[in-house]
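Visitor: I would like a close look at a single part of this protein, the nonpolar interior. Could you walk me through what is packed there and how the rest of the chain fits around it?

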Amino acid sequence: MANTPNHQLWKVVQLDLSDPEYCLKWAQEFAQNNHVDIIVNNGGISQRDVFINSDFEIAKRLMNVNCLSPIAIIKGFMPSFQEYGQGHIVNVLSVAAQVGTPIRSFYSTSKFALDGFGKAL
């Protein structure tokens with residue numbers, strides 16, 4: 001963590017991305033007491049198995065970690081961005097957000113979804 005005499009320049013936080021509701025609440029609370037200029041959504045997990053062999057719970061977990069929690073974090077900080085009239089969002093994706101592969105169907109889905117959200121936003 002870097003600091004100047006007047007303010008903290010950056011902060012890295014570790015969150016449980018498997019719980020989007022927790023991430024939303026954390027972001028809302030953090031934004032109440034801190035000015036944030038940029039969000040870098042860099043967390044993620046992958047999957048390597050064909051769709052037919054993949055348990056549906058894996059799909060839910062990947063969507064929570066790779067898509068819904070980053071969206072929740074953005075949602076939590078958006079009022080602050082609007083209040084200050086600025087803010088930047090970086091969603092770290094993957095080539096899987098552009099080209100799906102049979103052994104990463106759920107992973108590709110989660111990355112496609114976050115990419116689509118970012119473009120729509």
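**A look inside the core**

Guide: Happy to! The protein has 3 helices and 2 strands, and from the N terminus on these elements run α-β-α-β-α. Keep in mind that this is a predicted model. To get a sense of scale, the C-alpha trace spans about 55 × 25 × 25 Å along its principal axes. Of the 121 residues, 31% count as buried.

Now to the part you asked about. The largest nonpolar core has 13 residues, and those with the most contacts inside it are Leu17, Cys23, Val36, Ile39, Ile73 and Phe77. Two helices, α1 (20–33) and α2 (56–84), each supply at least two residues of this core. The largest share, 5 residues, comes from α2. As a general point, nonpolar side chains tend to be buried together in soluble globular proteins.

Let's zoom in on one member, Cys23. If we leave aside its neighbours within four places in sequence, Cys23 is in contact with Leu15, Asp16, Leu17, Ser69, Ala72 and Ile73. You can find two of those partners, Leu17 and Ile73, among the core residues with the most contacts. There is also a second, separate core of 5 residues, which includes Ala59, Ala96, Phe106 and Tyr107.

Phe106 and Tyr107 lead us to the last helix, as both are among the buried residues of α3. The others on that list are Ser105, Ser108, Ser110, Lys111, Leu114 and Asp115. What do these buried residues of α3 pack against? Their partners are α2 and β2 (88–91). Helix α3 itself covers residues 105–120, and its 16 residues reach 22 Å from the first C-alpha to the last, close to the 22 Å expected at 1.5 Å a residue.

Links across the sequence show up in the protein as a whole, too. Among contacts with a separation of 6 or more, 65% are between residues 24 or more positions apart.

Finally, let's step to the outside for a contrast. The protein exposes about 7,800 Å², and carbon and sulfur atoms supply 55% of that area. On the surface, Ile38, Val40, Val90 and Val92 make a nonpolar patch of about 290 Å². Val40 is found in strand β1, which covers residues 38–41. Why can Val40 count towards such a patch? Patch residues need over 30% relative accessible area, and Val40 qualifies on that point because it is partly exposed, at 48%.

Definitions and conventions:
Residues are numbered from 1 along each chain as its sequence is written. This is a predicted model: local features need pLDDT of at least 70, side-chain atom pairs count only at pLDDT 80 or more; totals for chains, interfaces and linings use all residues. Side-chain values use heavy atoms; hydrogens and water are left out. Patches are made of residues with over 30% relative accessible area and no salt bridge: like charges are joined within 9 Å, nonpolar side chains (Val, Leu, Ile, Met, Phe, Trp, Tyr) within 5 Å. Accessible areas come from the Shrake-Rupley method with a 1.4 Å probe; for residues, only the protein chains shown count as cover. A salt bridge is a side-chain nitrogen of Lys or Arg within 4 Å of a carboxyl oxygen of Asp or Glu. Helices (H or I, at least four residues) and strands (E, at least two) are DSSP runs, numbered from the N terminus. Buried means under 20% relative accessible area, exposed over 50%, partly exposed in between (1.4 Å probe, protein chains only). A nonpolar core is a set of buried Ala, Val, Leu, Ile, Met, Phe, Trp, Tyr and Cys residues joined through side-chain atoms within 4.5 Å. Contact means heavy atoms within 4.5 Å. The expected span of a helix is 1.5 Å times one less than its number of residues.
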